[in-house]
Amino acid sequence: MTFDNQAVEIPQTLPMLPVRDIVVFPYMIIPLFVGRESSIRSVEDALSKNRLIFLASQKDIAEENPSPDSIYETGTIAKIMRMRKLSDGRIKILIQGEAKGRIKSFTKTAGSFEVAVEKVDDTMVSAAPGEVEALVRTAKECIEKTIALGKALSPDILLVLDDVTDPGRIADLIASNMGLKVGDAQRVLETIDAKERLTIVCQLLNAELEILQAQAKIRGSSRGDDQKNQRENFLREQMKAIKSELGNESQDSKSEEMDELKNKIVAAGMPATVEAESLKQLSRLERMHPDASEATMVRTYLDWMVDLPWSKQSDDIIDIKTARQILDDDHYDLQKAKDRVLEFLAVRKLKAGMKGPILCFSGPPGVGKTSLGRSIAKAMGREYFRIALGGVKDEAEIRGHRRTYVGAMPGKVIQALRQAKTRNPVIVLDEIDKMASDFRGDPASAMLEVLDPEQNSTFRDNYLNVDFDLSNVLFIATANVVENIPAALRDRMEMISIPGYTENDKLLITKKHLIERQIEANGITSENIKFTDEGIKFLIAGYTREAGLRNLEREIGSVCRKVAKKVVMAEGNFTEITATTVPELLGPPRFMREDKMLESNIGVVQGLAWTQAGGEVLLIEALKMKGKGSMMLTGQLGDVMKESAHAAMSYAKAHMDELNIPTEFFDKFDVHVHLPAGAIPKDGPSAGITLTTALVSLMTDTPVRNDIAMTGEVTLQGRVLPVGGIREKCLAALNLGITNIIIPYANAKDLEDIPPVFKEKINFILAENLDEVFAVAFEKSEKFVNKKPGINKQGKKAKSTAAAA
């Protein structure tokens, strides 16, 4: 800030810069940001001449392109001291007011403003002796009071005022530092008489003092409140004090609010202890200041308490036939899960007070575990809610947070009950095997109480801190890998395995559900597309590799979109989906199925494997080469499968004489065992008899039948032990046309899981030891003629088992 009063020569015309939301006074130094193109041209014009520019304020600050009529005539002649261009295209200038001026006329308005100006000098009308001095002192005193009351002014302004004697300059200096509105500041600038201008400034100072004193009074009226609450609720207290001053304070409605909360607590049907706790918290709330932070916390707690379904529950549909029809309409097969739900309804009809079962559906992705939970809720007439547990690491997500924490809230179980609005919904705990734990606790441990029928009737959420009865809730958990669930938690649930779908299952489900759903989703009709069984089977085998249906539905949707495109582009209104048209729409098949062996080979055996996508037929190849009896294993085998291969080799060495293996074999040859599809990891013990058969075939130069497949674990004594996935493995073999299957005798019970329509097509050969396996696998070899009675014996076993099943 400067007060240099050197005479400035003013040219007849000057570039004019309209300024918004500010009035520039003479001798004032201030930075300005210039962004409008016309304003930038005016600045550049001034810099190219004598650096002088005329600053005039806009009447309407929102006007982007002001006209001469919307600009005040009186302004300030200023000098541009510095200019800097900014990265966003604007320029920043530092200006100093030189003199007051008035616009005589606009000499240029296109592109930028240029005006003819005349300098305006202050005048002094005669004043009474001492009147001007009194105004100056009054102005200084007001400034001092304003600063004392907290007005943000430059601390040097009082020192500068002491050095200035001209009343006009004093008025301009005070006005430029007060932060006045544009209208008030412009009135000060346009006043020529110095005494009158100082009088206006004193009036504005007095008005500002009154506002500051009112603010101080408001602050004083709320000083008794807690300092923290005072800062958070300052504006609200100001409004209260203002209303009190005006005599219009609204009636306090706190008592009505408390009565309403009390009525809700009584009507909620809470247990006696819970109702007592709620009324206790309500009593605390009544004694609190309504703006206290703890009052907000207690009010939120009471809202949760009255919203929970303490006594509300839906009536179960006990009609078992109707429930079965709903389940069958929504899902194909899944008979075990459906039967368990119908059993619960039957017992529920006989015994009303039965607790809800806790089930866990386990199986590969996409087989309908989660959607089955929704269908169960529909069949029972209950509300449905799904809790996603995948990736949950915090115990508080289950039990809730304690109310001492900011932002505390109940856990997911209580939140689900609040949204379901009944105390007996069906709650699906989705992906329960994917919970994790970290420093915040183990949510799986918190689930122990939720899923224990003996404990969950008194489940206590940390936020509520009262007991809530969960025994009426039907909990259904879903999991892909049961082994990932902690043993204690697994023990609390009734495990129901949902296997993957067979190709025939997928065909039926596609025709019944998926096609109709995707036709509707893609805006076409059955008049535009028709899926043949042949086309669906080709789509399943060539474009999906899964146990469930997600990718299959995705591929069907892709086919429907291709057809929709053809319809819109008038390339054809009807498309029949066959094995020929599928590759035309989706491109070449992504998956190629292994073909069965066309002829019997030495050292090559067809084994059966289980994957998440269902059963697979794997060729196990054994090859001999010159060496010294070592064995090499390839095909990305896991540790368990490698151990099975070593066990097979040990068995062969220990039974060389019985198996007619040449004694010099292990001195002259190395053995290489390979499982094709080397990029896919393989593991498990179920290839034991397959590996042994391949090695013995290689060592004895005996071909293995090409119409047979096998699975089973082997021991060093040659016993055949049971394995899993029999249903999926046998159906995979049948899909390749293999109808003779060797399985462990202990797996006879698993044949009940195979649909009768498929079971009738397969000759199951039940083997208890390797001799019985070799007797069937090497049927055409004279070296094993003495084993033929075993074949007949096993054949009888297989037929009797098939008939019984």
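This briefing describes selected side-chain contacts, surface features and backbone angles of the structure shown above. The model is a predicted one. It holds 39 salt bridges, and a few of these pairs are set out below together with the places of their partners in the chain. The later groups turn to a buried glutamate without a salt bridge, E546, to a nonpolar surface patch that includes M625, and to two residues other than glycine with positive phi, K421 and D701.

**Salt bridges**

- E114 and K49 meet through their side chains in a salt bridge, with an N to O distance of 3.8 Å. This pair links distant parts of the chain, since E114 belongs to strand β6 (residues 113–120) while K49 sits in the loop between α1 (37–47) and β3 (52–57), 65 residues apart.
- The two partners of that bridge fall into opposite classes of accessibility: E114 counts as buried because its relative accessibility is 18%, under the 20% limit, whereas K49 counts as exposed because its value of 53% is over 50%.
- R399 and E449 also form a salt bridge, in which the closest N and O atoms are 2.8 Å apart. Here the link runs between two helices, with R399 in α15 (residues 396–399) and E449 in α17 (residues 443–450), and the two residues are 50 residues apart. Both R399 and E449 are buried.
- Elsewhere, salt bridges with shared partners join K100, D122, D172 and R197 into one network.
- A further salt bridge is formed by D88 with R90, whose closest N and O atoms are 2.9 Å apart. D88 is partly exposed, with a relative accessible area of 48%, and R90 likewise counts as partly exposed, at 33% relative accessibility.

**Charged side chains in other polar contacts**

- E546 is found in the loop between α20 (533–543) and α21 (550–568). This residue is buried yet has no salt bridge, and the nearest side chain of opposite charge, that of K506, is 5.2 Å away. That distance does not qualify as a salt bridge because the cut-off between nitrogen and carboxyl oxygen is 4 Å.
- The side chain of E546 does, however, meet backbone nitrogens: a polar atom of this side chain lies 3.1 Å from the backbone nitrogen of N551, and the side chain also reaches the backbone nitrogen of L552 at 2.9 Å.
- K195 lies in helix α6 (residues 194–221), and its side chain is joined to that of E131 by a polar contact of 3.5 Å. With a relative accessibility of 19%, K195 counts as buried, because the limit for that class is 20%.

**Methionines in strands**

- M625, which lies in strand β18 (residues 614–626), contributes with L623 and M632 to a nonpolar surface patch of about 270 Å². At 31% relative accessibility M625 counts as partly exposed, and it can be part of the patch because patch residues need over 30% relative accessible area.
- M81 is placed in strand β4 (residues 74–85) and is partly exposed, with a relative accessible area of 35%.
- When its neighbours within four places in sequence are left aside, M81 is in contact with I29, R51, L94, I95 and Q96. Between M81 and V120, which are 39 residues apart in sequence, the C-alpha to C-alpha distance is 22 Å.

**Positive phi outside glycine**

- K421 is not a glycine, yet its phi is positive, at about 65°. The residue is located in the loop between α16 (412–420) and β9 (426–430), and it counts as exposed, with 59% relative accessibility.
- D701 is another residue other than glycine with a positive phi, in this case near 55°. Its place is in the loop between α26 (688–700) and β21 (703–704), and at 45% relative accessibility D701 counts as partly exposed.

Conventions. Residues numbered from 1 in each chain as written. Predicted model: local features only at pLDDT ≥ 70, side-chain atom pairs only at ≥ 80, totals over all residues. Heavy atoms only, no water. Patch = residues over 30% accessible without salt bridge, like charges linked within 9 Å, V, L, I, M, F, W, Y side chains within 5 Å. Areas by Shrake-Rupley, 256 points an atom, 1.4 Å probe, with all protein chains shown as cover. Helix = DSSP H or I, 4+ residues; strand = E, 2+ residues; numbered from the N terminus. Buried < 20%, exposed > 50% of the residue type's maximum accessible area, 1.4 Å probe, protein only. Contact = heavy atoms within 4.5 Å. Polar contact = N/O pair within 3.5 Å; in protein donor to acceptor, adjacent residues only side chain to side chain. Lys, Arg positive; Asp, Glu negative; His and termini not counted.
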